[in-house]
Structures are given as structure tokens and as C-alpha cells.
Amino acid sequence: MAHPQTLFEKVWNAHEVSPESAATPAVLYIDLHLIHEVTSPQAFALLRERGLAVRRPERALATMDHSTPTLTAQVFGGAPIAIDSAARQVRELEANCAEFGVELLGMRHAQRGIVHVIGPELGLTQPGKTIVCGDSHTSTHGALGALAFGIGTTEVAHVLATQCLLQRKPRTLAVNVHGTLRAGVTAKDLILAIIGRLGIAGGTGHVIEYRGETIRALDMEERLTVCNMSIEAGARAGMIAPDETTFAYLARRPRAPQGAAFEHALDAWRKLPGDGGARFDREVDFDAATIEPMITYGTNPGMVIPIGGSVPEHGGDAAFAQALAYMGLTPGEAIKDRPVNVVFIGSCTNARLSDLRSAAAVLRGRHVAPGITMLVVPGSQEVKRQAEAEGLHQVFLEAGAQWRESGCSMCLGMNGDLVGAGQYAISTSNRNFEGRQGKGARTLLASPVTAAASAVRGRVTDPRELT
Amino acid sequence: MEPFTTLRSRTVVLPAANIDTDQIIPARFLTTTTRTGLGKNLFADWRYDASGMPRADFALNRAGTQGCSILVTGRNFGCGSSREHAPWALLDFGVRAVVSTQIADIFRSNALKNGLLPVVVDEATSAWLIGNPGADITLDVAAGTLTLPSGAAVEFPLEAFARHCLLHGVDELGYLLSRAEAISAFENHR
């Protein structure tokens, strides 16, 4: 009898064109290649230099999200994109997709959005698929039981030309989560707590599988938030076994299999969860019931504490001291009640409808504190449309927040949405690296409800105090 | 790619751990559509002051580091974003190898595809290198060794296929294209 296999092993094995040997890596077949404007131009150029075509254009989908503006006037109103080089990148993606026959959900397309939001939303992200994109947060798609990981631009060219990648088989890490999350504690807090414990390199060389009844109880959008930040623990991919939550999410999505084809797909998807007795290279256990709302205080996502906690002592670690100096924080000080300048709700981590609903629930009937700039940036145009159908945009606008077109926005400072030097931003995004949201910007990562509550008070606020 | 057999150079040291790719090349420089010219923006926010002048206290700006093509750093170099602009910027600046106790997965993969050698060494070797900036060391790809000024050689791991590609200056794309028949067979039998 074949040895029991994990979810990862099943997906990996099903995509081996040839297995790895001592001399050569495995040739791994890629089912879905997502493309965006920032990491693809040099890949298309490489194809052009070598006289190569795109092998399977029907397995690729392009959109634009990273360097695109979120101001309506620049997206739909005929105003030019403010950053010239970004405008060139957008035009180049349009030209490349036209030349190589790749479908593009372009600037004004109703289905455009952050690449990791639209894949699941369209039903393109499916259990058992291999999915890559020139973006480290491709780990997001693993929430549906896909093996999904970020690649560099040279690898983007490899997939375009051959639909394959050369890969060494990674090790497996089971993150087992048990117990019930407390009220006011979200999937974002859960993954921040996991990263805090594993460390930002704890998952290096591994694919994480999140397991246990806490994970099973998460809805699909919460699972996407968890898998999204796998890379912040150093793991290229994070996966969750598909179940009824997954199947219900995918049913009738426009690019998921329909009707009898869906039933047929279900038969295959139900076989994907790991076999009883399957072994992982490492296992780590978490108790969800002890997790508090979490917030970062430093310059990487592993520098994270419960919101009621205080900044740790650094014990003479120079890098730690430098991080705190950058953040303008001192060891021992409480993070709660610290004044903030900017609040950002958005990104591939937390810009789906449920994130916007939970933030709006906090803001309804309230107003952001004087002097606070608050941006709410939906993860896709479809999320924007649904949020507007529910009137969420009115809640944000009446509270004094800005309501934008979809895109990566303030998650990374390359599209005009920036946090000023020295300013504190409480952000629902995924990285608090130095300068990530703008040169000198100081980022505090947290959940949408923590961000919204902090906007109301103008200070870091435990969301449970505002319910 | 040029074949990469051995490299002898003095080191330049950035002792910080967890240097992420946003530090190596900040996102605002990613709106380029070419691979070239990124070296001037390498470590831009650490290298230049608010007026755009080089900061004298930053290692890569110090006199005597010109021509140093081996960068020694703290653990977990290259974490974060998958941007291949990070190895492009390092190479454009003149760095041809990075030495650390741990190198992030995607950065390592991207580095190898561009002939930038990722060298992972033990804690003691790393600590010595960090404590002795400017050390004259030699990297030997075929042997997989880093030779210290004392003459002591330390082994570093290098996957066989990556070693082959570096030594012969070949890239992976050629190998993948040569597997077209196997790829077609896979597609036809799914």
C-alpha cells in the first residue's frame, strides 16, 4: 500500500512532469499563472529575446494592481496616471498581453482587482491546482487547497514559455490550531500570533498546512487571510484542506466548473485532504482560545504583541534597537493608546467583503478622529460593487474615510498612496518593513476591526472597547 | 550568464538580520520595465540621506569598499517580497555573492537564476566574517567552499543543478525547453 500522503504531497505528485533526482530538480507543471504589471515586463522581454511563444496562454490571466492608482479620476475619469513610469508599466502590460495572447483584466475591467483577491473571487483558484504568480503573497490561494507560491520574474518567463518550473520538493510543516477564537479576535490576529511564534524565517524551506478545528471553523475569506501571510513566516506556500466551506464558496463562481463539471470536480477535490497517518517534517500546535487582538510594534511581521501588551526589551540586540528607533518606540511602553496618523484598510490580506463589513460595523454611526487620514481600498472592483450594494461605502464616507478604486494601494509605496515620513499608520496589510508604506513611514499591522476602532479614537484601540 | 567558477574578493558587511527585499530595493523603484540600472538605488533608503547624498556611515559608501563583490549579512537575508529586482540591483551594483547563515527561499531562487551566488555558512563562520569586514575570501563553486584568509575552507551547500548552471553559465530555461516532449506527454495524459 502506498504510504499515507499529506495534501501537499498529493498536489505536488499530481503535477510532476518528472520527479527530482540528485542531479536535477523536479519539473513541476503549473495549472494557473497569474500575472501583473510589475514583475512581468522583463519576462515578456525574455520571451521576445529568445523568440519564444506563450505555451498555454489559456492557463494565464493578467491584471494590474501594484502600481495602479486608486483615485477614481485616474482609473475611470480620464485623468492621466500621476506616476509616469507606472503609466508606462500599465501600457506595457497591455501591449504584452495583446502580443502574446494572454487575457488581461485591464484598468477599467469590471473584474480587475488585486491578483490574489480576484483569483478566488472568479473561481479560478481551485483545490488541487498548482498556482504561481510573480508575487510572494501568492500563498493566499492555498486557502482553497491549491499549492500556490510566489516566483521571480525569470520564473515568470519559464512558466510562460514551458508552463513548468524546476523545483526542489519543499519540506512540510503542520500548524495545528485548536480551540475557539474569542470575540473580537480575527483570522488576522491568529496568523499574526502564528508568525510571532514561528518567527519570520520559521517556515523557510517549508510548505505550511494549517489544520485543526479552529481552521475548519474559519470561513473562506478568513482562510485567505491566514494563508496570505504564510510568506511572512518564511514559507513560500500555505495550504488548507478543501472541505464543504471551500466547495460552497466555489459553487457558481464564474470561472469554476459549472453543473455536471462541478460535481465531477467535487469527486476529485474530496480526495485531496491528507490521509490519516500522513507525516509532516515538523508540527507545531496553537491554542486559539488564548490569542488576543494582535498588533506589530517593529519592522517585521514577527515583531508582534497582544494589543494590551507592551514593547519587549531588546536585550542588547542591535537590529532590535534599530527597529525600535525607526518606529520611535521604547522597550516597556504600552502600544495601546499610542496616537496614529493614518489608517489603511486594504491589501490582499484584508480587503475582501467580510473585512469591509467588519470595519464598517465598527464605524457605523461614528466618525474618524480629527486629523486622521483613513483609506478604505476594496480588494477588487467586484468587492467594491458588492460593498456599495450594501451601502458600506456610505458608512465609510460618512465616517470621514476615503473610498477608493481597488488596488494594492498603501500596502506598498509605489502607486502614489503613501504614508508620510515619521507618521504612524495602522494597516490591515501584511508588511511593516522600513519604508514599506513610504519612506520613513511607521507601520502597525492589525486586523480591520482594530484598524477601524483605532481610526475612531485616533489612537491604537482594542476593538473590544468599541462594541 | 557568464560562468561562475571562483570569486576572490574582500567583503563588505551589513550585519543586520532579516534584511528584506524592500530594503534591498524599495518598491518605488519597481516601476521600471527593464532589468538594468537598479544598482544606483540599491539599499536606497539606507544609503542616501534626506537630501539624496550618500551617508558616510553606511557600509557600502565607505572608502575602500569599491570593488568588493561579496556581501556578508546577518541571518535571513532577502526575506519578504519576491521581487527579482533585488538580485538585479545587487548585481548591477557589483555584488556577485551574498554570505549569511540563512537566505530566504524566493531570494535564493532568484539569485541563482541571475548568477548571484547565495552562500549559507555556519554561525561561527558568519560571526567571524561579520566581525572582520574587508576580509579577503575566496568562493569556489565547484568545490562548494568558502576559504577564509587563514586558509581554512568552509563548505556551503549548493544544489547539484544550480552548481552545474553556475559553472557552465547556462540557464534553466534551456533545460526546461529541452523537456518539451515530456511536458506534452504530461499534458496529454492528465
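**Exercise 1. In the predicted model, find how many bridges join E6(A) to E7(A) and in which sense the two strands run.**

Solution. Begin with the pairing itself: E6(A) and E7(A) are joined by 4 bridges, and the two strands run parallel. For a specific pair of residues, take A:Ile131, whose bridge partner in E7(A) is A:Ala148. Next, follow the side chains along E7(A), where A:Leu147 and A:Phe149 point one way while A:Ala148 and A:Gly150 point the other way, and all are buried.

**Exercise 2. Determine which residues of H1(A) are buried and what covers them.**

Solution. Helix H1 of chain A spans residues 7-14, and with 6 of its 8 residues buried it is mostly covered. The buried residues are A:Leu7, A:Phe8, A:Glu9, A:Lys10, A:Val11 and A:Trp12. Turning to the surroundings, the elements of chain A that cover these buried residues include the strands E1 (16-18), E6 (130-133), E7 (147-150), E9 (171-178), E10 (206-211) and E11 (237-239).

**Exercise 3. Describe the sheet of chain A that contains E1, E2 and E8, and locate H8(B) relative to these strands.**

Solution. The three strands form an open sheet in the order E1-E2-E8, and their pairing is antiparallel. E1 and E8 (164-167) are the edge strands, each of them pairing on one side only. Averaged over the sheet and with direction ignored, neighbouring strands are turned by 35° against each other. Looking at one pair in detail, E1(A) is joined by 2 bridges to E2 (residues 26-29) of chain A, the two running antiparallel, and A:Ser18 stands opposite A:Val27 in E2(A). A helix from the other chain comes into view here, for H8(B) lies across E1, E2 and E8 of chain A and runs at about 140° to E1(A).

**Exercise 4. Work out how many residues of chain B are in contact with chain A, and how the residues on that side of chain B divide by character.**

Solution. On the side of chain B, 42 residues are in contact with 53 residues of chain A. Helices H1 (21-24), H4 (105-112), H6 (160-168), H7 (172-178) and H8 (180-189) of chain B each supply at least two residues of the side that touches chain A. Sorted by character, the residues on this side of chain B comprise 16 nonpolar, 14 polar and 12 charged.

**Exercise 5. Decide whether H13(A) and H16(A) are roughly parallel or roughly antiparallel to each other, and list the residues that meet.**

Solution. The geometry comes first: helix H13 (residues 353-363) and helix H16 (residues 448-457) of chain A pack at an angle of about 30°, with their axes 8 Å apart. Angles under 35 degrees count as roughly parallel, and the two helices are therefore roughly parallel to each other. The crossing in which H13(A) passes H16(A) is right-handed. From H13(A), the residues A:Asp355, A:Ser358, A:Ala359, A:Val362 and A:Leu363 meet A:Pro448, A:Val449, A:Ala451, A:Ala452, A:Ala453 and A:Val456 of H16(A). By character, the residues of this contact divide into 9 nonpolar, 1 polar and 1 charged.

**Exercise 6. Establish the strand order of the sheet of 7 strands in chain B and identify the strands at its edges.**

Solution. The order of this open sheet is E4-E3-E2-E1-E5-E6-E7, and the pairing is mixed. E4 (117-120) and E7 (153-155) of chain B stand at the edges with a single partner strand each, so one side of each is left without a neighbour in the sheet. On average, and with direction ignored, neighbouring strands are turned by 30° against each other. Within the sheet, E1 (residues 6-14) and E2 (residues 70-73) of chain B pair in the parallel sense over 4 bridges, and B:Val12 stands opposite B:Leu71 in E2(B).

**Exercise 7. Examine the phi values of A:Ser409 and B:Asn76, and decide whether each residue is buried or exposed.**

Solution. Most residues other than glycine have a negative phi. A:Ser409, however, has a positive phi near 50°, and B:Asn76, likewise not a glycine, has a positive phi of about 60°. A:Ser409 is placed in the loop between E17 (402-403) and E18 (424-427) of chain A, whereas B:Asn76 lies in the loop between E2 and helix H3 (85-93) of chain B. A residue is buried if 20 or more other C-beta atoms lie within 10 Å of its own. A:Ser409 has 33 such atoms within 10 Å and is therefore buried, and B:Asn76, with 25, is buried as well.

Definitions and conventions:
Residues numbered from 1 in each chain as written. Chains lettered and ligands numbered in written order. Predicted model: local features only at pLDDT ≥ 70, side-chain atom pairs only at ≥ 80, totals over all residues. Buried ≥ 20, exposed ≤ 12 C-beta atoms within 10 Å, placed from the backbone. Contact = placed C-beta atoms within 7 Å. Nonpolar A, V, L, I, M, F, W, Y, C, P; charged D, E, K, R; others polar. Axes fitted to C-alpha atoms, helices over the stretch in contact; angles between N-to-C directions. Parallel < 35°, antiparallel > 145°, perpendicular 65-115°, else oblique. Left-handed = near helix turned anticlockwise from the far one by under 90°. Pairing = 2+ DSSP bridges.
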